[in-house]
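Thanks for coming. I will take a few minutes to walk through one structure, so please have it open while I talk.

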Amino acid sequence: MSKPVIAITTGEPAGIGPEISLRGAHCCRDIVFPVLIGDYAWLKQLAGKMDSGIKLQKLDSARLHEAIEKKETASIGVIDSPLQAPVIAGQLDPRNGQSVLAFMDIAIAGAMNRQFDAVVTAPVQKSTLNDAGIAFTGHTEYFAEKTETKRVVMMLAGSVRKLAGDGHVMLRVALATTHLPLKNVHKAISIDCLLETVSIINRDLKNRFGIVSPRILVTGLNPHAGENGYLGDEEIRIITPAIRQMQETGIRVSGPFPADTLFQPRYLEHADCVLAMYHDQGLPVLKYATFGHGVNITLGLPLIRTSVDHGTALDIASRGLGMANHGSMVEAIHIAAEMAAVSSQNRRQNGK
Ligand SMILES: NC(=O)c1ccc[n+]([C@@H]2O[C@H](COP(=O)([O-])OP(=O)(O)OC[C@H]3O[C@@H](n4cnc5c(N)ncnc54)[C@H](O)[C@@H]3O)[C@@H](O)[C@H]2O)c1
Ligand SMILES: N[C@H](C(=O)O)[C@H](O)COP(=O)(O)O
């Protein structure tokens, strides 16, 4: 495959999203054809202050096609989606909420019609979108809704140094529930939820990552995986029966394991992915081990979407350019490119 075309939504304009998008696109030009989606004037102003040699060009759809065909790399293409209010770094303005949402809509539409091979998203401020009157819990749920996908799975991944022996391994942590208040988590964990979630993980690890026979470890929900029912019974009523059913279909899944002791080499060396039951059960472990180069991937979508492992970091955005680490953005672009290559190879093999 020639260089994949990667759309990068630049996220909350007052946060670090625009800066890390510019730097990430610039760093990865040798392996991908990046297309930024955001406010051209704001991005140009930031690029001008960065002293990094980043050149931008505005692309409409005709110019985009031509730039891709000619493989133009001297400047980074930007699809201009103007903001409604002036930006002050570090200060949120709900008047820009609809524009931030429009960045995602442009990226989703372009990926669905195969103009883009993948979408990488910079962070948005979920609360500001809600302040703008948009019911928004996360990109994960929004991409699912816009692509009419019934269930998707949030998975974060990052390379970690092996505790025994040399080299690195990929730690992948997927979640059975996404952005849900803790008080609602137990109601969302059902046999159907787990069957669908594990089957999406199994399918996408094969089709999007080229892992032939994925091994998935499942955590319990309660302390010590319920302590034989004395500390909660979801493991007995729901998680264990779901795992048995999936094992009968040939999926290499096991558990439920107590979440507090599962994340050790003895278990992880036999796993391609850990499925945790909720956001703050799985992600602190992953982020502790990989913050700064971890990647958020939405499984189950009809398109490829990756993202950074961090938020808008308004505190450092307000202090000026050059404070933000763009390592996670670079990794998100790399993983999107690798996934696009695997998908393209699968399509060729299937004659599509
Ligand atoms: N992909 C996304 O859209 C995404 C992901 C996570 C959080 N968020 C949103 O971001 C907002 C802020 O969330 P938060 O404060 O919990 O987390 P945050 O990641 O924005 O910040 C947490 C801490 O990490 C630091 N940090 C984050 N990214 C950094 C980087 N690239 N380089 C250096 N330091 C960095 C920040 O300065 C801060 O001290 C929330 O609205 C949240 O929902 C969005
Ligand atoms: N749960 C993600 C994290 O902690 O990194 C983050 O909120 C982003 O979620 P979306 O990709 O759904 O916006």
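Look at strand β2, where F33, V35 and I37 point one way and P34, L36 and G38 point the other, all of them buried. In a regular strand the side chains alternate between the two faces of the sheet. In β2, 6 of the 6 residues are buried, so to speak of the strand as mostly covered is fair. Before going on, I should say that this is a predicted model.

What does β2 pair with? β1 and β2 run in the parallel sense over 5 bridges. One residue pair to look for is A7 and V35, where V35 in β2 is the bridge partner of A7.

Now the whole sheet. It is open, has 12 strands, and its pairing is mixed. The order is β3-β4-β2-β1-β5-β12-β11-β6-β7-β10-β8-β9. The edges are β3, residues 56-58, and β9, residues 252-257, each of which pairs on one side only. On average, neighbouring strands are turned by 25° against each other, ignoring direction.

Two helices that pack on this sheet are worth finding. Helix α2, residues 40-50, touches β2, β3 and β4, and its direction makes about 170° with that of β3. Helix α14, residues 327-349, touches β1, β5, β11 and β12, and makes about 165° with the direction of β12.

While we are at the edge strand β9, P256 is found there. A cis peptide bond joins G255 and P256, with omega at about -5°.

Next, the domains. Domain 1 covers 1-149 + 301-352, and domain 2 covers 152-299. Their centres, taken over C-alpha atoms, are separated by 28 Å. The contact takes 24 residues from domain 1 and 19 residues from domain 2. On the domain 1 side, α6, β12 and α14 each supply at least two residues. Which of these gives the largest share of that side? That is α14, with 9 residues. By class, the domain 1 side has 9 nonpolar, 11 polar and 4 charged residues.

Let me stay with α6, residues 139-146. Its buried residues are H139, T140, Y142 and F143. An α-helix has 3.6 residues a turn, so residues three or four places apart point the same way. The buried residues of α6 pack against α4, β5, β6, β11 and β12.

Just after α6 comes E148, in the loop between α6 and β6. E148 has a positive phi of about 55° although it is not a glycine. Is E148 buried or exposed? It counts as exposed because it has 7 C-beta neighbours inside 10 Å. N228 is another non-glycine residue with a positive phi of about 55°. N228 sits in the loop between β8 and α9, and it is exposed, with 10 other C-beta atoms within 10 Å.

Turning to annotation, an unreviewed UniProt entry places the feature "binding site" at H139, T140, K287, N296 and R305. I will take two of these.

T140 lies in helix α6. It is buried, because 24 other C-beta atoms lie within 10 Å. Not counting residues up to four places away in sequence, T140 touches V152, M154, T178 and T298.

N296 is in strand β11. It is also buried, with 26 other C-beta atoms within 10 Å. Leaving out residues up to four places away in sequence, N296 touches M154, L156, T306, S307, V308 and D309. Of these, L156 has N296 as its bridge partner in β11. The strands in question, β6 (residues 153-161) and β11 (residues 295-299), pair in the antiparallel sense over 5 bridges.

T306, one of the residues N296 touches, is in strand β12. Why does T306 count as buried? Because it has 26 C-beta neighbours inside 10 Å, and 20 or more is the cut-off for buried. Leaving aside neighbours within four places in sequence, T306 is in contact with A118, V120, V295, N296, I297, A332, I335 and A336. T306 and T121 are 185 residues apart along the chain, yet their C-alpha atoms are separated by 6.5 Å.

That is the tour. I can take questions now.

How values were computed. Residues numbered from 1 in each chain as written. Chains lettered and ligands numbered in written order. Predicted model: local features only at pLDDT ≥ 70, side-chain atom pairs only at ≥ 80, totals over all residues. Pairing = 2+ DSSP bridges. Helix = DSSP H or I, 4+ residues; strand = E, 2+ residues; numbered from the N terminus. Axes fitted to C-alpha atoms, helices over the stretch in contact; angles between N-to-C directions. Contact = placed C-beta atoms within 7 Å. Domains from an automatic or database assignment. Nonpolar A, V, L, I, M, F, W, Y, C, P; charged D, E, K, R; others polar. Buried ≥ 20, exposed ≤ 12 C-beta atoms within 10 Å, placed from the backbone. UniProt positions renumbered as here; feature names shortened; annotations may be inferred.
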